[in-house]
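Reader: Could you walk me through this model and tell me what lies behind the labels you use?

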Amino acid sequence: MNPAPSIVFFTVASGAGYGLLFWLGILRPLGLVPGGALFGATSCGLALVLVMLGLLSSTAHLGRPERAWRALSQWRSSWLSREGVAAVATFVPAGLFFIAMVGGNEGLAAPMGLLSAVGATVTVYCTGMIYASLKTIRQWHHPLVTPGYLLFGAFSGAALLAMLAGFWGAAAAPAAIAAVLGALAFALKRAYWASVDAAPPIATAESATGLGFIGKVRPLDPPHTETNYLLREMAFRIGRVHAKRLRGIASVAGFAAPTVLLLLTLLLGGVPAGMLAFAAAALALAGMLAERWLMFAEATHTVTLYYGGEARG
Amino acid sequence: MTSLPEAKPGAKKLGLVIDLDTCVGCQACATNCKEWNTSGHMAPLPDRNPYSAGAEGVWFNRVHSYEAGEGEDGRTVHFPRSCLHCETPACVTVCPTGASYKRAEDGIVLVNTDMCIGCQLCAWACPYGAREFDDDQGVMKKCTLCVDRIYNETIPEDRRVPACVSTCPANARHFGDLGDPESAVSKLVAERGGVELMPELGYKPVNRYLPPRRAPKPDAGPPKEAGPLPSQITNPLLRWVDKVLSR
């Protein structure tokens with residue numbers, strides 16, 4: 001599948017933003033992150049900016065962005081519509097959370113924070129289901145895809161919260177959480193890759209053409225001499241050519257290295273801890289971009305069967 | 001509404017039956033499809049660089065050619081690919097706007113281009129590559145089963161069939177109601193063992209493909225007696241007779 005930059009950036013940025021909102025909403029009432037107005041406004045502000053930049057970026061993928069509001073209508077059947085509804089709905093408690101923290105209204109901040117955490121979880125779940133519900137792409141129609149979206153969002157959000165809390169000299173709790181999530185994310189992604197590599201194709205050139213009763217089917221003449229939309233969008237090959245190296249970069253730079261840095265943060269404390277948490281968050285986000293790019297680039301669509309391509313391996 | 005209409009037994013299911021035995025791969029169906037639809041319901045169908053290198057555009061019908069099997073048992077098969085108007089199309093249910101819909105009255109899957117936001121999720125959801133994106137208008141386009149021909153009272157009744165069907169010189173394309181077991185197309189499918197494409201994905205395509213017939217094995221007959229070589233026949237008249245009859 002073609003890794004459109006707008007979608008790669010959208011899912012990474014909004015995932016991290018919702019992850020940050022989630023952990024702020026949960027950890028703040030527990031007193032595990034600084035409780036002041038400035039920290040609250042900075043963290044919640046960063047989360048909302050990331051979410052809004054992500055949503056804005058996603059509209060760049062639309063042919064008719066001015067009609068984007070229509071996407072809120074079909075929540076009965078469409079995960080994309082549900083994601084839109086959940087994203088818009090989450091802005092309500094998140095906005096109130098922000099205002100309550102700035103105004104020092106703790107009675108409002110705590111419930112709004114928790115509601116924001118719920119909204120963030122639902123939204124990211126819907127994002128994952130958009131991909132996981134597509135049977136045509138076996139690498140996406142996989143039981144670890146939606147848990148992956150949730151875990152990666154939670155991980156990158158926790159890393160961002162650790163970074164911000166590090167500036168206040170209080171990175172311990174979010175850094176510990178982020179380190180655990182980073183290790184889990186590393187394990188999940190490895191398990192996912194092992195599983196998709198071993199899985200059989202969902203369809204074959206023989207079943208796609210109904211000609212299997214004659215024997216093995218191979219293309220003789222393509223229907224067009226130049227490329228077309230289907231091949232550009234759904235027969236992206238560079239990702240699979242370099243898959244091994246890119247997987248290494250994503251899992252080491254995106255998950256393993258930030259996890260180690262976050263563990264060091266716990267040992268060090270003070271200014272070095274803040275700097276390490278910053279580096280960890282930056283690496284985690286960069287790694288998430290690589291992971292997300294790869295998730296598209298490695299995915300094979302059944303339409304390529306008609307062009308003699310991959311949906312086989 | 002992108003929820004699917006309730007499936008009723010005996011409901012009309014308009015679709016195509018494509019005979020892979022007689023299709024000669026002439027591309028007439030693809031060409032006439034493009035010709036009709038570039039001024040029809042989903043018009044225009046854009047083309048980029050139509051007269052130079054890098055020519056590409058939106059087509060609703062693409063004719064592939066495949067080889068199947070090996071050696072004497074192998075066959076070359078021409079294979080037109082277009083929307084199969086599935087009974088449970090994922091391209092419809094994934095649509096966030098309601099632009100993509102399946103008609104309750106005849107099962108045709110259509111796009112309302114006035115509502116489409118061009119998110120392209122439907123193209124990802126279709127296993128058959130039936131949907132192609134129009135960069136100029138920023139909306140998704142697809143086969144309409146020539147909805148603007150088959151009900152069109154301004155054209156003669158016998159021509160109210162999809163453009164691809166009307167133009168096929170090999171009579172390899174048939175149009176009709178596959179929901180009615182007594183229709184000509186349903187009988188044809190039953191008689192020839194018509195198949196669904198990628199049935200394992202479960203979208204229940206309506207269109208059917210008639211498999212190529214197996215070439216009859218030539219009857220070998222009793223083994224032929226070996227005759228003398230022409231050089232062994234000394235009589236010139238007999239040699240001439242042998243030569244003529246051996247042709």
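Author: Gladly; what follows takes a helix, a sheet and some annotated spans in turn, and the model is a predicted one.

Reader: Which residues of helix 1 of chain B are called buried, and what makes a residue buried?

Author: The residues are B:Cys29, B:Ala30, B:Cys33, B:Trp36 and B:Asn37. A residue earns the label because 20 or more other C-beta atoms lie within 10 Å of its own.

Reader: How do you know on which side of helix 1 of chain B they sit?

Author: Their arc around the axis is only 135°, so they share the same side of the helix. As background, an α-helix has 3.6 residues a turn, so residues three or four places apart point the same way.

Reader: What do these buried residues pack against?

Author: Their partners in chain B are strand 4, strand 5, helix 4, helix 5 and strand 10. Helix 1 of chain B lies across strands 4 and 5, at about 165° to strand 4 of chain B.

Reader: What makes strands 4 and 5 of chain B a pair?

Author: Pairing needs at least two bridges; these strands have eight, in the antiparallel sense, and therefore count as a pair. Within the pairing, B:Tyr66 stands opposite B:Val77.

Reader: Why are some strands of the open sheet 1(A)-4(B)-5(B) said to stand at the edges?

Author: Strand 1 of chain A and strand 5 of chain B each have a single partner strand, so one side of each lacks a neighbour in the sheet. The twist averages 40° from one strand to the next.

Reader: What is the make-up of residues 7–26 of chain A?

Author: An unreviewed UniProt entry lists 7–26 among the spans for "transmembrane region". In the model, that span is 100% helix and 0% strand, with end C-alpha atoms 28 Å apart.

Methods:
Residues are numbered from 1 along each chain as its sequence is written. Chains are lettered from A and ligands numbered from 1 in the order in which they are written. This is a predicted model: local features need pLDDT of at least 70, side-chain atom pairs count only at pLDDT 80 or more; totals for chains, interfaces and linings use all residues. A residue is buried if 20 or more other C-beta atoms lie within 10 Å of its own, exposed if 12 or fewer, and partly exposed in between; C-beta atoms are placed from the backbone. Helices (H or I, at least four residues) and strands (E, at least two) are DSSP runs, numbered from the N terminus. The arc is that of the directions from the helix axis to the C-beta atoms. Two residues are in contact if their C-beta atoms, placed from the backbone, lie within 7 Å. Axes are lines fitted to C-alpha atoms, for helices over the stretch in contact, and angles run from 0 to 180 degrees between N-to-C directions. UniProt positions are given in the numbering used here, feature names are shortened, and annotations may be inferred rather than shown by experiment.
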